[in-house]
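This report walks through the strand pairing, the packing and the confidence of one chain.

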Amino acid sequence: MPARRLLLQPLAAASLLGLLLSNPPAARAEASRWTSNEQSSVRLITAYRVAPRSGSLRLGIHFRLAPGWHVYWKNSGDAGFAPQVTFASEPRLERPELLWPAPHRYELPGGLVAFGYSDEVVYPVQAVLATQGAASGSRRDRDFLPLAADVDYLVCKIDCVPYRYTVSLAQPLGDQAAADPATAPLLERWRRQVPPAAEMVPGVATAGRIEVSPAGGLQLVVQVDGAGAGPGGPDLFFESHPALETGRPLVASGSSGRAGAGGEAPIVFAVPLQPRDVTKPLPPRTTFAWTVTGLQRNGAPLALSAQREVALAASARTARARPAAASAGQPTPAPLTRRAWREWEPLGTALVASMGALLALWSWGLLGVRRAPRAAGFIWREALGFATLAGVLWPLYRMSFLVAPEELAGIELALLCAALLAWLRSRASRRGALRLALALGLLACAAAPLWLASHRRLPRAEISAATAGRGTDHQRDHQDDDRRF
Amino acid sequence: MTRNRSIARIPSIPHTPRTPRAAAAAAILALAAAAGLALSATLPAATASVETTGAAVVGQAAPGFQLKGIDGANYSLASYKGKVVVLEWINPNCPFSNRHAREHTMTELSKQHGEVVWLGINSTNPKSGDYLTPADHLAWNKKNGIVYPVLYDESGTVGHSYGARTTPHMFIVDAQGNVAYNGAIDDDPRASKPKTERTNYVGNGLSAEEAGKRPDPAATKPYGCSVKY
């Protein structure tokens with residue numbers, strides 16, 4: 001017996017050594033070795049000490065980054081590119097899919113932006129381990145799953161540096177799966193940061209629609225219902241679109257930092273869109289994919305993703321989206337009638353609103369045309385006044401698409417002022433300077449909407465201001481070189 | 001008496017039977033105005049002031065410019081009217097610009113299309129660590145065989161007017177002065193393909209222009225380092 005033990009022990013040791021040496025490049029554990037460079041370290045991790053022999057498999061690409069350096073989300077933003085992970089051919093590994101945790105926005109000099117992650121990130125990988133082939137393989141094939149991932153990524157700070165590594169490990173397999181106490185919680189933490197589809201979040205909905213921006217261009221309005229803004233405020237990230245450039249989203253409402261507990265005001269983003277190529281017609285419908293981060297619901301942080309098809313070019317709104325193109329040499333300018341309508345629509349709408357308000361006032365006998373209250377037909381005239389007033393709402397609504405908010409407020413206040421002066425005049429004595437002054441004031445108030453509408457489309461000036469303002473941002477950006485890519 | 005006279009001078013506002021109706025009318029009009037205000041407040045399209053994407057759009061006129069080259073000469077886009085012009089945003093300290101310079105991607109293309117005006121534009125801010133003096137840039141050009149003019153846009157004005165985001169970021173301006181192509185040099189940001197297997201968008205675009213056609217695709221996503229504005 002002792003002799004046999006003496007013989008077997010070296011054999012067992014040699015076998016173990018052989019097994020280990022037969023797999024030299026791969027770490028035999030729940031994580032590969034770190035592959036490091038000056039800016040970053042990367043490794044492949046799994047959630048298991050012993051993984052199940054079949055079924056869902058949780059993996060991850062784990063990055064640690066030097067201070068100030070970033071790797072990217074699936075849409076990298078204005079520069080850079082997303083990491084590409086390719087798993088080596090392994091018959092049992094099916095459909096490995098890289099998942100994308102909620103990204104962060106990094107402001108770059110010159111108003112550019114990047115979307116990605118700093119310090120540390122785990123890109124979870126969802127895969128399926130198939131059973132076929134296992135029975136026919138060797139014992140080692142049955143007990144180990146070789147995993148090798150080719151990771152091609154770009155890491156950026158002031159400069160960008162591309163890297164490409166292969167990270168690998170041999171994952172032990174068993175009938176009883178055992179989670180790894182270090183990597184399983186890490187993977188779980190980052191999996192929770194992958195925004196779920198909005199449809200999977202009860203009580204929350206998101207939708208998008210195309211509208212005409214105050215600048216006369218297209219804008220995509222994204223609305224989120226059922227969630228509040230988190231402490232840092234909500235943010236919106238788009239995946240690249242082939243035909244349209246998406247600009248910087250602006251939170252139009254819902255950014256007040258209310259704790260989300262259901263029943264909040266919707267969070268609304270307005271995102272400028274610009275056709276990449278005005279020589280090609282836009283498709284009537286198109287699909288946008290977006291992720292909203294920085295939300296809060298029932299006190300818990302929330303991010304969600306969505307993919308929605310929206311109507312694009314079916315109406316005159318699309319034609320309105322190209323005034324700049326028309327003036328800048330667009331090959332097929334809009335017809336003269338449409339251009340004339342576009343030019344005069346705000347003034348015409350303001351005129352209709354003013355006339356409607358005056359007609360309502362006249363109908364109620366506030367413009368000095370006195371009739372006995374009980375005279376025949378008086379009730380019909382009053383009814384006409386109410387109908388006219390209801391009609392005035394439409395031009396006011398239309399004006400909201402045509403003029404800046406300040407101008408719309410001015411138009412509405414002018415109409416209110418006209419009503420007030422008409423009422424005062426109706427109560428003033430029949431003759432006198434005051435009555436004349438009130439009449440002149442009334443006319444001025446009624447004419448004010450026309451003047452305000454002629455100052456329409458202030459946003460075009462705002463565009464110029466924004467462009468000029470970049471110089472200021474430019475100076476500020478250069479004060480902090482550490483944030484520069 | 002004085003008091004009575006002064007009262008008498010104030011125009012009287014008689015209390016007429018019309019008052020309730022007038023007050024109601026004014027109130028309703030006020031409500032309508034308030035409703036309009038509330039309506040406009042709920043419409044983000046009306047209230048949001050959004051920043052434009054700021055990119056030169058294919059089919060629109062290319063923004064004009066006048067810049068000084070590293071050779072000291074002045075260059076103006078308007079002076080090339082009637083010719084096809086390629087604009088290449090460049091930064092020798094960017095690994096992507098450097099790779100294409102080493103591989104002679106742009107220099108070979110500019111020689112293949114000799115009738116085309118090829119201009120490099122460097123929009124790097126002088127305060128940036130990536131900034132090179134014209135002399136250093138010239139030395140880098142010579143080392144990499146770059147013979148086409150490189151212009152300095154230190155203020156970033158021209159870069160912003162085109163919406164240049166990366167180095168390299170390529171634009172083709174057609175003979176009519178319109179943007180014909182806006183995007184990447186090729187389809188291989190990761191340098192994972194042999195040079196001969198890459199789709200060179202600018203090369204294809206120039207060939208299309210020569211054939212009297214429009215580049216297709218006319219817009220792609222540029223890749224590279226961000227422009228160091």
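## Strand pairing and confidence in chain A

In this predicted model, a hairpin of three residues leads from S11(A) into S12(A). The two arms of that hairpin run antiparallel, and 13 bridges join strand S11 (residues 144-156) of chain A to S12(A). Within this pairing, A:Ala148 has A:Ser168 of S12(A) as its bridge partner. S12(A) also takes part in a parallel pairing, in which strand S3 (residues 48-52) of chain A and strand S12 (residues 160-174) of chain A are linked over two bridges; here A:Leu173 in S12(A) stands opposite A:Ala51.

A further group of strands forms an open sheet of five, whose order in chain A is S1-S2-S4-S10-S7 and whose pairing is antiparallel. Strand S1 (35-36) and strand S7 (93-98) of chain A lie at the edges of this sheet, and because each has a single partner strand, one side of each is left without a neighbour in the sheet. Inside the order, S2(A) pairs with strand S4 (residues 55-65) of chain A in the antiparallel sense over seven bridges, and A:Arg43 finds its bridge partner in A:His62 of S4(A). Helix H3 (residues 183-191) of chain A packs on the sheet, where it touches S2, S4 and strand S10 (120-129) of chain A, and the direction of the helix makes about 100° with that of S10(A).

The three pairings described above can be set side by side.

| Strand pair | Sense | Bridges |
|---|---|---|
| S11(A) and S12(A) | antiparallel | 13 bridges |
| S2(A) and S4(A) | antiparallel | seven bridges |
| S3(A) and S12(A) | parallel | two bridges |

For the chain as a whole, 10 helices and 22 strands are assigned in chain A. Of the 485 residues in chain A, 40% are buried, and among the contacts in chain A with a separation of 6 or more, 73% are between residues 24 or more positions apart.

Confidence should be kept in mind when reading these features. The pLDDT of chain A averages 78, and 74% of the residues score at least 70. Among the elements of chain A, strand S2 (residues 40-46) has the highest mean pLDDT, 97, whereas helix H10 (residues 458-477) has the lowest, 33. Residues 1-8 of chain A have a pLDDT below 50, and this stretch has zero contacts in the model beyond near neighbours in sequence. Residues 315-334 of chain A likewise have a pLDDT below 50, but that stretch has 34 contacts in the model beyond near neighbours in sequence.

Methods. Residues numbered from 1 in each chain as written. Chains lettered and ligands numbered in written order. Predicted model: local features only at pLDDT ≥ 70, side-chain atom pairs only at ≥ 80, totals over all residues. pLDDT = per-residue confidence, 0-100. Helix = DSSP H or I, 4+ residues; strand = E, 2+ residues; numbered from the N terminus. Contact = placed C-beta atoms within 7 Å. Pairing = 2+ DSSP bridges. Axes fitted to C-alpha atoms, helices over the stretch in contact; angles between N-to-C directions. Buried ≥ 20, exposed ≤ 12 C-beta atoms within 10 Å, placed from the backbone.
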